[in-house]
Amino acid sequence: MAVLAISIVVLFIISMNTGHIRLSPLELLRTAVGSGTDRQELILFEFRLPRMVMSILIGAGLAVAGTIMQAVTRNALADPGIMGINAGAGLAVMLFISFYETNSQASIFILPLVAWGGAGIAAALVFLLSMKRHQNLSPTRLLLTGVAVAAGISSAMIVLTLKLNPDNYQFVATWLAGSMKHTTWNYVLALVPFIVVIMPYVCYKSRMLNVLNLGEQTATGLGAHVSKQQIVMLAASVGLAGTCVAVSGSIGFVGLIGPHLARRLIGPKHQFLLPTAAAAGALLVIAADTISRSFSTDVPTGIVVAIIGAPYFLYLLAKSKS
């Protein structure tokens, strides 16, 4: 965890000097203490710092959401993107911007709530379609149902995209790619309350996640109200994933890679796994965002994460025995 924290700090410093306009270490130091030019302060405080802070929050939130989902479903391949939760949040956001202006200040703070609702509906649909009477929830059936629901929702999003006006279409196209190019402090403020409330609660419930990860029969034997706890923890996962998707767009695979890296480093105990996964996810997203800004054209962060995550997902799928 210390290595991950140091890596995040190092990348944070590198990221401050990454972009079309370079700032030397001395210029960064002067600007940070308020002695820089107006142009340097604008670049650092209004363009780069909000984007970097958002990258850390998004990475931590998605990784913790993925950790919760893997524990509740006992499926190592579970991820908010693969399970259709990101798609549900995306469809809700698209419906919202079809009827309301996206450039208003109020819409920035309403978007997380709208996305949470869309993600919750998608998650409920996946679980309802995966369940069979008198049978336990199959991880494989859950995964396949999530992929099918995500594909269906994505098709609906494409149809809606064709009906948008040019301004909203540009917003949606950028959002779907997972771009943080236009991130402002308002987006950070819209996300922070959800992170501050949900993340500590999930860490508080980490021992319950350990119990749920043992299986339904064992958890029941240990005195846990399995169905209730599953719903509560999934609601927390949906809340984190939905709000992160609302402000950053569709960034996939973070909820898959972060927990796996953390599990290899720290083991399966969730009281240690959750913060380590959050750090791993934050490191992944800020690294991807730094790489995206190093190109001559600002490549969306979601595309860079997908380039990293897709091969890793195929590797995990090949190793899976289910």
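Start your tour by selecting Phe253, which sits in the loop between α11 and α12. This is a predicted model, so a look at the backbone here is a look at a predicted conformation. Phe253 has a phi near 75°, a positive value in a residue that is not glycine. Most residues other than glycine have a negative phi. Keep Phe253 highlighted, as the tour returns to this loop residue from the helix α14 side.

**Zoom out to the whole chain**

Now show the full chain as a cartoon. You should find 14 helices and 0 strands. How compact is the chain for a globular protein of that length? Its radius of gyration is 20 Å, close to the 20 Å that the globule rule gives for 322 residues, so the chain is as compact as a globular protein of that length. Along the principal axes, the C-alpha atoms fill a box of roughly 65 × 50 × 35 Å.

Switch on a surface next. About 15100 Å² of the chain is exposed, and carbon and sulfur atoms supply 68% of that area. Of the 322 residues, 50% are buried. If you draw the contacts between residues at least 6 apart in sequence, 77% of them join residues at least 24 apart. Colour by charge as well: the chain has 20 positive and 10 negative charges, and their mean positions are 19 Å apart.

**Select helix α11**

Go back to Phe253 and step towards lower residue numbers, selecting residues 226–248 as helix α11. The end C-alpha atoms of α11 are 33 Å apart, which agrees with the 33 Å that its 23 residues should span at 1.5 Å a residue. This helix is mostly covered, with 17 of its 23 residues buried.

Pick Ser227, which belongs to α11. Is Ser227 buried or partly exposed? Its relative accessibility is 45%, so Ser227 counts as partly exposed. For a distance to display, try Ser227 and Leu212: they are 15 residues apart along the chain, and their C-alpha atoms are separated by 9.9 Å. Then look just past the helix, where Gly249 follows α11 with a positive phi near 95°.

**Select helix α12**

On the other side of the loop, select residues 254–266, helix α12. With 13 residues, α12 reaches 18 Å from its first C-alpha to its last, close to the 18 Å expected at 1.5 Å a residue. Show side chains for Val254, Gly255, Leu256, Ile257, Gly258, Pro259, His260 and Ala262, which are buried. Which helices do the buried residues of α12 pack against? Add α3 (38–73), α13 (270–293) and α14 (301–319) to your view to see these partners.

Two further residues of α12 are worth a click. Arg264 lies in this helix and, at 54% relative accessibility, counts as exposed. Not counting residues up to four places away in sequence, Arg264 touches Tyr312, Tyr315 and Lys319.

Ile266 is also in α12; with a relative accessible area of 34%, Ile266 is partly exposed. Leaving aside neighbours within four places in sequence, Ile266 is in contact with Met1, Phe272, Leu273 and Thr276. If you draw a line from Ile266 to Val211, 55 residues away along the chain, the C-alpha separation comes to 18 Å. Just after α12 you reach Gly267, which takes a positive phi of about 100°.

**Move to helix α13**

Select Asp289, placed in helix α13. Is Asp289 buried or exposed? At 0% relative accessibility, Asp289 counts as buried. To see what surrounds this side chain, show Arg51, Ser55, Met180 and Thr301, the residues in contact with Asp289 once neighbours within four places in sequence are left aside.

**Finish in helix α14**

Last, select Ala306 in helix α14. Ala306 is partly exposed, with a relative accessible area of 29%. Which residues does Ala306 touch, not counting those up to four places away in sequence? They are Phe253 and Pro311. The C-alpha atoms of Ala306 and Phe253 are separated by 6.7 Å, although these residues are 53 apart along the chain. That brings the tour back to Phe253, in the loop between α11 and α12.

Terms used:
Residues are numbered from 1 along each chain as its sequence is written. This is a predicted model: local features need pLDDT of at least 70, side-chain atom pairs count only at pLDDT 80 or more; totals for chains, interfaces and linings use all residues. Side-chain values use heavy atoms; hydrogens and water are left out. Helices (H or I, at least four residues) and strands (E, at least two) are DSSP runs, numbered from the N terminus. The radius of gyration is taken over C-alpha atoms; the globule rule is 2.2 Å times the number of residues to the power 0.38. Buried means under 20% relative accessible area, exposed over 50%, partly exposed in between (1.4 Å probe, protein chains only). Contact means heavy atoms within 4.5 Å. Accessible areas come from the Shrake-Rupley method with a 1.4 Å probe; for residues, only the protein chains shown count as cover. Lys and Arg count as positive and Asp and Glu as negative; His and the chain ends are not counted. The place of a charge is taken as NZ of Lys, CZ of Arg, CG of Asp or CD of Glu. The expected span of a helix is 1.5 Å times one less than its number of residues.
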